[in-house]
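Open the model in your viewer and keep the selection box handy. We'll go stop by stop.

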Amino acid sequence: MDFFGRMLGFSGASAVPEQIFDMGLKTLKVSRHALHSTTRGRVVQGMKSKLGRGKQGIILLQGGAPFAVHSTDAEGIFRQESYFHYLFGVAEDGFYGALDIRSGNAYLFMPRLPESFAVWFGEMPTPATVKAKYAVQHVHYVDEMPAVLADLGPTCLHLLVGENTDSGRPTKKAHFQGIDDFTLEEDSLFDVITECRVFKTPEELSIMQYCNDVASAAHVELLRYAKPGMMEYQLESIFLHFCYFKGGCRNSPYTPIAGSGSKAATLHYGTADAPNNRQIQDGDLVLLDMGTEYYRYGSDITVTLPANGKFSAKQRAIYEGVLNTMNTVRNKMKPGVLMPDMHILADKCNLEVLKTEGLLKGNVDDMQAADVGALFMPHGLGHLLGIDTHDVGGYGVGLPPRSTRPGLKSLRLGRELEENMVITLEPGIYFIKQLLEPALKDPKTAHFFNADRVKEYFDFGGIRLEDNLLITAKGVQTLTNVPRTVKDVEAVIAGGEWPGIASQ
């Protein structure tokens, strides 16, 4: 049975209908109560463990605000701030949320909107409907928040203050008129809630499996559609349509990449200046890095395919080398293993296949000491995945620092693997002229290359394979379900079925 024939909901018979999120038809049913009461409980326990009894106050978060398109009155589709979504699951903008560490009670504060808004946006929510929808104990208007918080008499308000270790950007610290009347504590919450987000609950895992099911099916669809003469953006369009039409997944968690030919070596292709707008040629490889999002959780999957349905000998050798790297690393991954060690192992595997194919010569360990691997895989091997594509918690207080070495410095996860983490595994080999041409002239690296052989690959592009993995007690569980071997990829392109995903 394919995933469209399954009901993957975890809502349970006792769930209140108003508390269920779904997109109708056979889309996943998410119980807001089951999900967010669990995440709130984990954060409360984390704060209690970190703080003394007399220092336990009220957590206060400010939700996201609408964003305008520059100076216009147009707005993009609103997506809730990630930490706020983790605790409260509120879809609308303009909310505040509070969580009393002492009692565990959750409060939402909603904007008081003019009655005229109903003309444009339909029936306005009330505190009663918001309380029923989001399964919290109390709902008030934002203009009532100072008085409500004062009546609760907290020792302090715990605010979210920290910096994302990938972007370097700060979190949004809650602010409202009258906040200066409260004692503010800014040192505890960020570390606690970030660490909670690293380890997924069963409810979160159900959503992430659904995102993988939908996106995997969409990638299989692309294998069946892709052919020379198409524009790259047509594949992007098919993927996005499939995920929304079949899975109810409205948003893409990141900009889709559909790079063909030499563009497959552009790591962040698909941007505004290169909007997947090349025509696919016979003999091209096509690298498709696309995921989907449901209830703010996402998947992140990459498939590389031959446009004409058959890998050339040169393409097959590099593809099978990357697949061997993926499988070798996957078999080593388990709790207690350091992710940087897995990146180093991936580099070693990549270098060995490049040596076998005659592009490199010499001792592989010496190549690694000279950071030659980073010339062919300059990005990190993987990252945490969750509400954000590059999810939080890869680095932080008490964790190993980010490496400064090429390749490793781009790894977004520097810590040990632990059970219930969800991570990507995305090895690749790319032929990027901007990296290889200087390396061919650099005395530190030039002697490792068979220069003429390397230059034959300058228009090759690149190959990346990316799965989403759940770290289990003994190893990993692969959430992604797409063809990987050369035989399977070519068979599906030729019209063959793929287990678990029927033809659409």
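How do the residues of the lining of the largest cavity divide into nonpolar, polar and charged? They come out as two nonpolar, one polar and two charged (Ala, Val, Leu, Ile, Met, Phe, Trp, Tyr, Cys and Pro count as nonpolar, Asp, Glu, Lys and Arg as charged, and the others, Gly among them, as polar). Before you click further, note that this is a predicted model, where local features need pLDDT of at least 70 and side-chain atom pairs count only at pLDDT 80 or more, while totals for chains, interfaces and linings use all residues. Numbering runs from 1 along each chain as its sequence is written, and side-chain values use heavy atoms, with hydrogens and water left out.

**Stop 1: the cavity.** Select L61, Q62, E81, L160 and K172, which line the largest cavity. Its space is about 30 Å³, and the count comes to one cavity of 30 Å³ or more. On a 1 Å grid over the protein atoms alone, a cavity is a set of points where a 1.4 Å probe fits but cannot get out; a pocket is an open set with protein on both sides within 12 Å along at least five of seven lines; lining residues have an atom within 4 Å of a point. Grid points are joined across faces, edges and corners, and a volume is the space filled by probe spheres set on the points.

**Stop 2: the largest pocket.** Next, pick F78, A91, E92, D93 and K133, the closest to the centre of the largest pocket among its 38 lining residues. The volume here is about 1,200 Å³. By class, the lining has 20 nonpolar, six polar and twelve charged residues.

Stay on E92 and K133: they form a salt bridge, with the closest N and O atoms 3.0 Å apart (a side-chain nitrogen of Lys or Arg within 4 Å of a carboxyl oxygen of Asp or Glu). E92 sits in the loop between α2 and β4 (96–100) and K133 in helix α4 (residues 127–134), 41 residues apart. Helices (H or I, at least four residues) and strands (E, at least two) are DSSP runs, numbered from the N terminus.

**Stop 3: the second largest pocket.** Now select S82, N164, S167, R169 and D388, which lie nearest the centre of this pocket, out of 23 lining residues. It holds about 730 Å³ of space, and α2 (82–88) and α6 (189–198) each supply at least two residues of its lining.

From D388, add R197; the two form a salt bridge, also with closest N and O atoms 3.0 Å apart. R197 is buried at 1% relative accessible area, whereas D388 is partly exposed at 21% (buried means under 20%, exposed over 50%, partly exposed in between, with a 1.4 Å probe and protein chains only). Extend the selection to R79, R197, K200, E293, R296, D388 and D391 to see a network of salt bridges. The whole structure has 25 salt bridges.

**Stop 4: helix α7.** Select residues 202–225. Of the 24 residues of α7, 19 are buried, so this helix is largely enclosed by the rest of the structure.

**Stop 5: the cysteines.** How many disulfides does a search of the whole structure find? Zero, where a disulfide is a pair of cysteine sulfur atoms within 2.5 Å. Try C243: the nearest cysteine sulfur, that of C249, is 5.8 Å away. C243 is buried, at 2% relative accessibility.
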